[in-house]
Amino acid sequence: MFFTPTINFLTSRGHYVQILCLSNGDADGKGNIRKQELFQACVSLKVPMQQVKTVNHPDLQDGFGKVWNHNLLANIIEEEITSHCIDMIITFDKYGVSGHCNHRDVHYGVCKLLHDTSRGDIEVWELVSTNILRKYSGPIDIWLSMFWAMLPSNGTIQCLVNEQSRRSFTAMAQHKSQWVWFRKLFVVLSSYTYLNTIRKIK
């Protein structure tokens, strides 16, 4: 829903992509269905199922008001780094695009890992959240983001343009249990369909 431009950018250039989803989306009792839908969505984005992992931990159940333990998240993420020789992480920023508490907790879990381990062998980038006008400006935001990225006060930033924007629609359509009208509209109008602005976390 948010990271397709980054995934397409990396896979099209031959990078190995490992996707870690820290909940199976069982808030409505459809965890197993949503897990399979995620696999199908990732395959449509050229990421094989064996490179996708979904966590189903009793303390990491999705939903607003469900606070996730940052230490637990850091431990799980570190295990994945070690298991798959990961040298770069791309995650949410502190707002989490939509403000969802679980997205924000993932950000803080990654930051906890960086703070506690001081690993210099891993680059960490965050997906920049934008205001609501830019969020729903579609491809127009490509130009705004590129201008914003040139401002030296914003840190080290990369703008990744989605060269296969139709894949975003195809991937989201795999989530049949959630493929309702407003998500279809979101994929068409969202700037996150056409571009990801990622910022390096120091």
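**Exercise 1.** Leaving aside its neighbours within four places in sequence, with which residues is Ser-191 in contact? Place Ser-191 in the predicted model, and decide whether Ser-191 counts as buried or exposed.

*Solution.* Begin with the position along the chain: Ser-191 lies in the loop that runs between α9 (181-189) and β6 (195-200). Next, list the contacts, which, once neighbours within four places in sequence are set aside, are Thr-130, Arg-134, Lys-135, Ser-137, Gly-138 and Asp-141. One of these residues, Arg-134, also offers its backbone oxygen, which the side chain of Ser-191 reaches at 3.2 Å. Finally, turn to accessibility: the relative value for Ser-191 is 2%, and because buried means under 20%, Ser-191 counts as buried.

**Exercise 2.** Work out the strand order of the open sheet of 4 strands, and explain why one side of β3 and one side of β5 are left without a neighbour in the sheet.

*Solution.* The order of the strands is β3-β4-β6-β5, and their pairing is mixed. In this arrangement β3 (88-92) and β5 (157-161) stand at the edges, and each has a single partner strand, so one side of each has no neighbour in the sheet. From one strand to the next, the twist averages 30°. Looking at one pair in detail, β3 and β4 (residues 123-127) run parallel and are joined by 5 bridges, with Phe-92 standing opposite Leu-127 in β4. Helix α5 (residues 101-117) packs on the sheet, where it touches β3 and β4, and the direction of α5 makes about 145° with that of β3.

**Exercise 3.** Describe the surroundings of Asp-59, starting from its loop and ending with its accessibility class.

*Solution.* Asp-59 belongs to the loop between β2 (52-54) and α3 (70-84). Not counting residues up to four places away in sequence, Asp-59 touches Val-67, Trp-68 and Leu-72. A C-alpha distance adds to this description, since Asp-59 and Asn-69 are 10 residues apart along the chain while their C-alpha atoms are separated by 7.5 Å. The relative accessibility of Asp-59 is 48%, and therefore Asp-59 counts as partly exposed.

**Exercise 4.** Judge how compact the protein is, using its radius of gyration and the globule rule.

*Solution.* The protein has 9 helices and 6 strands. Its radius of gyration is 16 Å, close to the 17 Å that the globule rule gives for 202 residues, so the protein is as compact as a globular protein of that length. Burial can be added to this description, as 48% of the 202 residues count as buried. Turning to contacts between residues at least 6 apart in sequence, 77% join residues at least 24 apart.

Methods. Residues numbered from 1 in each chain as written. Predicted model: local features only at pLDDT ≥ 70, side-chain atom pairs only at ≥ 80, totals over all residues. Heavy atoms only, no water. Helix = DSSP H or I, 4+ residues; strand = E, 2+ residues; numbered from the N terminus. Buried < 20%, exposed > 50% of the residue type's maximum accessible area, 1.4 Å probe, protein only. Polar contact = N/O pair within 3.5 Å; in protein donor to acceptor, adjacent residues only side chain to side chain. Contact = heavy atoms within 4.5 Å. Pairing = 2+ DSSP bridges. Axes fitted to C-alpha atoms, helices over the stretch in contact; angles between N-to-C directions. Rg over C-alpha atoms; globule rule 2.2 N^0.38 Å.
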